[in-house]
Amino acid sequence: MEPTDTLIGVVGKTNVGKSTFFSAATEIEVPIENRPFVTIEPNVGIGYARRKCVHIELGLPKCDASNSVCENGERLIPVKMMDVAGLVPGAHQGRGLGNKFLDDLRRADVFLLIVDSSGSTSPEGVVTRPGTYDPVDEIKFVVDEIDEWIYQSVEKDWDKFLKQYAIGAIKDPLEEFSQRLSGFGILKEQIEVALDHLKISSNELFKINKQDLKNLLKEIRRLTKPMVIVANKIDIPGSEKNLEKIKNTFKEYPVIPASAAAELLLRKLRKKKAIEYIPGDQEFKINQIEIDSKTKSALELIKQNIMEKYKGTGVVQAINEALFNSLKLIPVYPVEDINKYTDKKNRILPDVILIRKGSTARDLASKIHSDLAKTFLYAINAKNKQRIGAGYLLNENDVIKIVATAGKG
Ligand SMILES: Nc1nc2c(ncn2[C@@H]2O[C@H](COP(=O)(O)OP(=O)(O)OP(=O)(O)O)[C@@H](O)[C@H]2O)c(=O)[nH]1
Ligand SMILES: [Mg+2]
C-alpha cells in the first residue's frame, strides 16, 4: 500500500546543494560536485518524513511496519521526491539550462526551495568566499523564475484562447482555464479562490491583460504550491546571520536551517553501522572506535555547529515541515483487527497512510482502494472501539478498521 501519492519538488539555484539534499534524504547516490549545472536529468526517489509511531501510544512493544519503517518507535514514512537541474536568473529567457526542466515538477505538491545560506555561490552558481552573495536575492529570483515558468506555460496559448473566446468557441472560460492548468495538479476550486482574491470574475477571465494574468498565476501558485525554504550550508560560518535575515524577509514561508552535507555523511556512516542515528534525530552516537580521525573531527563539528544549535541537520525537519505543516497531512493507520491492531496477515500496524487533515473515513477507504469507498458500510475507531460513519473526520494517528460489503475490506 502506497503511504502517500505526494510529490516533493526540490528546486533552487544551481550549485546550492539540491542533489546533496536529495541524496541524503533518499540515500540514492547521485552526481554531486562543487560547480554549476551538475544535475541535468531529474533524480527521482523516496525520502522519509518522521512521526512517533502509534504503537508507542497504544503501549505495544513493537509493530510490523511494512509500507514504511519503524525504528525505535519512530515511524519513517516514505514520500516521493524529485531533484531537478538548477536555476540561474533569466532561466525563463534561456539562460543557464533554461527552465524546461521544471516541467517535470508540474505535479509537485510542495517545493523545497534550497538556498545557499552561506552566500558563497554567485547567482550563476560559481563558488566564491562565503558572505559575498545575499541569499535573500537568491530566493527572490528563484521564486520569480518559478512564476515565470508557470506564466510562460499558460501565456503561450493565451492569444489562441482569446481568439476562440472572441468567436464564441469558449462557453465556459473558467472551465477552459482550469483544463489548461490541470497538468499542474491545480483544481478549478483553487482557481476560483485566486480569482476571488484578485476580484476578477470568471466571465472576464479572457479579458484580462498579460500583467493581470501573471498576477493571477502567481496567486494560484501561492495557493496551490506551498514552499518551504531550506537554508542550506548552515554549517558554513556566517550563515547564521543570513538565516535571521531570510526569516525576517520571507515571513510567509517556513524556513528550515539545514546542512545537507552533514546529513549525507551521517546517513553513510549509519549504513556502515559506524554511528547510531535515526534520520531526523537531534544527536548521534559513535559506535566504532576505528572511525578515522578526519571523520571523527567532522562528526565533532556536525555535533557542535549543527545538531546542538539547530536540533538536527534539517533534512528530515524540512520534509516534515512540507508534509505535516504546509500540506497538512496526518498519519492514519488502517487495520483489520481492532483489538490486536493487525491486518489480514496478522501484522501489527503494517501500514500508515498520509491523508489531508479534514479527510473522512470514506476518504481513507478510497485511498486504500477505490472499490472500498463504494462498498463502504461503516468504520470502527480501534482506539475506543466505537463505530463511526463515512463522514467521520480523521484525527492524527487514528487507527481505523473499514467495514465494507461482501469480500471487500
Ligand atoms: N558546506 C556545505 N556544502 C554543501 C552542503 N550541501 C551541499 N554542499 C556542497 O555544495 C556543492 C554542490 O552540491 P550539489 O548537491 O551538487 O548542488 P546542486 O544544487 O544539486 O547543483 P546543480 O545540480 O549543479 O545545480 C557540493 O560541493 C556539495 O558538497 C552543505 O550543507 N554544507
Ligand atoms: Mg544537482
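Asn 72 lies in the loop between β3 and β4 (74-83), where helices (H or I, at least four residues) and strands (E, at least two) are DSSP runs numbered from the N terminus. Asn 72 is exposed, with a relative accessible area of 73%; exposed stands for over 50% relative accessible area, buried for under 20%, and partly exposed for values in between (1.4 Å probe, protein chains only). Although Asn 72 is not a glycine, its phi is positive, at about 50°. Lys 311, in the loop between α10 (293-310) and α11 (315-326), is likewise not a glycine and has a positive phi of about 60°. Most residues other than glycine have a negative phi.

The model is predicted: local features need pLDDT of at least 70 and side-chain atom pairs count only at pLDDT 80 or more, while totals for chains, interfaces and linings use all residues. Residues are numbered from 1 along each chain as its sequence is written, chains are lettered from A and ligands numbered from 1 in the order in which they are written, and side-chain values use heavy atoms, with hydrogens and water left out.

**Ligand 1**

The shell around ligand 1 holds 23 residues, of which Thr 14, Lys 18, Thr 20, Val 38 and Asp 235 come nearest; a residue belongs here if one of its heavy atoms lies within 4 Å. By class, eight residues of the shell are nonpolar, ten polar and five charged. Ala, Val, Leu, Ile, Met, Phe, Trp, Tyr, Cys and Pro count as nonpolar, Asp, Glu, Lys and Arg as charged, and the others, Gly among them, as polar. Helices α1 (18-26) and α9 (260-271) each supply at least two residues of the shell, and the largest share, three residues, comes from α1.

The table lists polar contacts of ligand 1, that is, pairs of N or O atoms within 3.5 Å; within protein, one atom must be able to donate a hydrogen and the other to accept it, and residues adjacent in sequence count only if both atoms are side-chain atoms.

| Ligand 1 atom | Protein partner | Distance |
|---|---|---|
| Nitrogen | Asp 235, side-chain N or O atom | 2.8 Å |
| Oxygen | Asn 15, polar backbone atom | 3.0 Å |
| Oxygen | Ala 261, polar backbone atom | 3.2 Å |

Taken alone, ligand 1 exposes 660 Å², and the protein buries 88% of that; accessible areas come from the Shrake-Rupley method with a 1.4 Å probe, and for residues only the protein chains shown count as cover.

**Magnesium ion**

Ser 19 (OG) and Thr 39 (OG1) coordinate the magnesium ion (ligand 2) at 2.0 to 2.1 Å. Because Ser 19 lies in helix α1 and Thr 39 in the loop between α1 and β2 (43-52), the pair ties together parts that are 20 residues apart in sequence. Donors are N, O and S atoms within 2.8 Å of the metal (3.2 Å for Na, K and Ca), and water is not among the atoms, so sites may look incomplete. Ser 19 is buried at 9% relative accessible area, and Thr 39 is buried at 11%.

**Other residues**

Glu 148, found in helix α3 (residues 135-155), is buried, with a relative accessible area of 17%. Leaving aside neighbours within four places in sequence, Glu 148 is in contact with His 92 and Lys 214, contact being heavy atoms within 4.5 Å. The side chains of Glu 148 and Lys 214 are joined by a polar contact of 3.1 Å.

Leu 58, in the loop between α2 (54-57) and β3 (69-71), touches Tyr 341, Leu 349, Lys 383 and Val 399, not counting residues up to four places away in sequence. Leu 58 and Val 399 are 341 residues apart along the chain, yet their C-alpha atoms are separated by 9.9 Å.
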